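User: I have a model open and would like to learn how to read its features. Could you walk me through a few of them?

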Amino acid sequence: MAASTLAGSPWLRIRLLPEVHPLLRRTLSVRAASASASASASASASASASASADSDPVRVRFAPSPTGNLHVGGARTALFNYLFARSKGGKFVLRIEDTDLERSTKKSEEAVLSDLAWLGLDWDEGPDVGGEFGPYHQSERNLLYKQYADKLTESGAVYRCFCSNEELEQMKETAKQMQLPPVYMGKWGTASDADIQQELEKGTPYTYRFRVPKEGSLKINDLIRGEVSWNLDTLGDFVIMRSNGQPVYNFCVTVDDATMQISHVIRAEEHLPNTLRQALIYKALGFPMPSFAHVSLILAPDRSKLSKRHGATSVGQYKEMGYLPQAMVNYLALLGWGDGTENEFFTIDNLVEKFTINRVNKSGAVFDAVKLKWMNGQHLRSHPPDVLIKSFENRWKDAGILQESQSSFAKEAAELLKDGIDLITDADAALSNLLSYPLHTTLRRSARMCSVLNFIPHEPFINFFP
């Protein structure tokens, strides 16, 4: 395929039909006006020619899949997006990627939104607040994906593939025997119109495959990792729509980010390999490329990927354990970022003021539960004294340790114990230990020791014990 085709020139030939999705129509008209400026780009051209100039509005997104709890790694990604948007006066968009219909649940979605709200990461657009670029559930955008797939087919960037699963497995086996990458060999990429029509008339299921150039390379300038490049001959033509009509992840994510005018894609480094496919789709559709920033993974103490076998890994678990949202935000921000000083204590407003993407480290960050608990204690004790003492008193009363929370004893106990409490839930054990201390026995033992040492204590001390 000619380089000019990939550059998006066919975009100018797309006709708007009456049934076109309103969001597609609006996006097409905007993109068509600017597409001619990029007609000379090729597949090997750098994707660093991003549309996200400093003068353009910043729009970032966090796009969780509602298939489980909000992992601390996902929470950190959301936080970095939030901080970047707020520091630039931009928009923070929440999009729900629920195309995995079998695993996605409403309960999981509600839990994710609740955890984000608990952390204080309020979003400007999303499924519950709406916005100009909705809908914000991928499952509600299938018509849009189909229309874009059809447009790519008209331009020749995508073709129908009628290969069966057996044929695809045989191709993989052949490639393995020839010691070649297991890529699709393009059988239907060169098929005649007659062959295609024959399969359509038979009702043979088909997928949509993206036509990848056989030569060249593509590179991006990642805001965290620097220049990253890929050779195109290692990819092969890839599927963008399954035979059941469901879009593949890389296709719908690209369409969503482009039509929502996302300027910066900040996500985990495990998505870096997806960027090649997405960049090719951007080019074929004539969309301006966002800036990419791939954040390192959060590691366990043994430097493996943090997982459930290492203990609590979800935001909801730490919330139930009594951690403060301010401490979670502070600690997650420091997993791969710092302001260049020795300071480790930040409020969310401090973070918005200090955060810059160029200070995000590309090395993996180790999750230290001990340090998180210490940091929680710092935030706990940063509360005004009366607020902190009141929280202890109320907890002790609710736990049944004290019958009366507002008493001089409760206040004195709270003042005595607060420096040794890092979690509000630890206050119960701290007070119980204090109350169970054998003070009477200890003082009697001290009195006997005085007599052994021929020490005569003061009269009040003697009169204290019979």
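User: Which residue follows α6, and what is the sign of its phi?

Analyst: Q179 follows α6, and its phi is positive, near 55°. Before we go on, a word on the source: this is a predicted model, where local features need pLDDT of at least 70 and side-chain atom pairs count only at pLDDT 80 or more, while totals for chains, interfaces and linings use all residues. Residues are numbered from 1 along each chain as its sequence is written, and side-chain values use heavy atoms, with hydrogens and water left out. Helices (H or I, at least four residues) and strands (E, at least two) are DSSP runs, numbered from the N terminus.

User: How many residues does helix α6 have, and what does it span?

Analyst: Helix α6 covers residues 165–177, which is 13 residues. From first C-alpha to last it reaches 19 Å, close to the 18 Å expected at 1.5 Å a residue; the expected span is 1.5 Å times one less than the number of residues.

User: Now sheets, please. What is the strand order in the open sheet of three strands?

Analyst: Strands of a sheet pair through backbone hydrogen bonds, either parallel or antiparallel. Here the order is β3-β4-β7, with antiparallel pairing (two strands pair if DSSP finds at least two bridges between them). β3 (158–161) and β7 (238–241) are the edge strands, each with a single partner, so one side of each has no neighbour in the sheet. Strand β4 (residues 207–210) is joined to β7 by three bridges, and F210 has F238 of β7 as its bridge partner.

User: Where do the side chains of β5 point?

Analyst: They alternate along β5 (residues 217–222): L218, I220 and D222 point to one face and are buried (under 20% relative accessible area, with exposed over 50% and partly exposed in between, using a 1.4 Å probe and protein chains only). S217, K219 and N221 point to the other face and are not buried. A three-residue hairpin leads from β5 to β6, and these strands pair antiparallel over six bridges, with K219 opposite S229.

User: At what angle do α3 and α11 pack?

Analyst: Two packed helices are described by the angle between their axes and the distance between the axes. Helix α3 (residues 72–87) and helix α11 (residues 325–333) make about 85°, with axes 10 Å apart. They are therefore roughly perpendicular (65 to 115 degrees; under 35 is roughly parallel, over 145 roughly antiparallel, the rest oblique). Axes are lines fitted to C-alpha atoms, for helices over the stretch in contact, with angles from 0 to 180 degrees between N-to-C directions.
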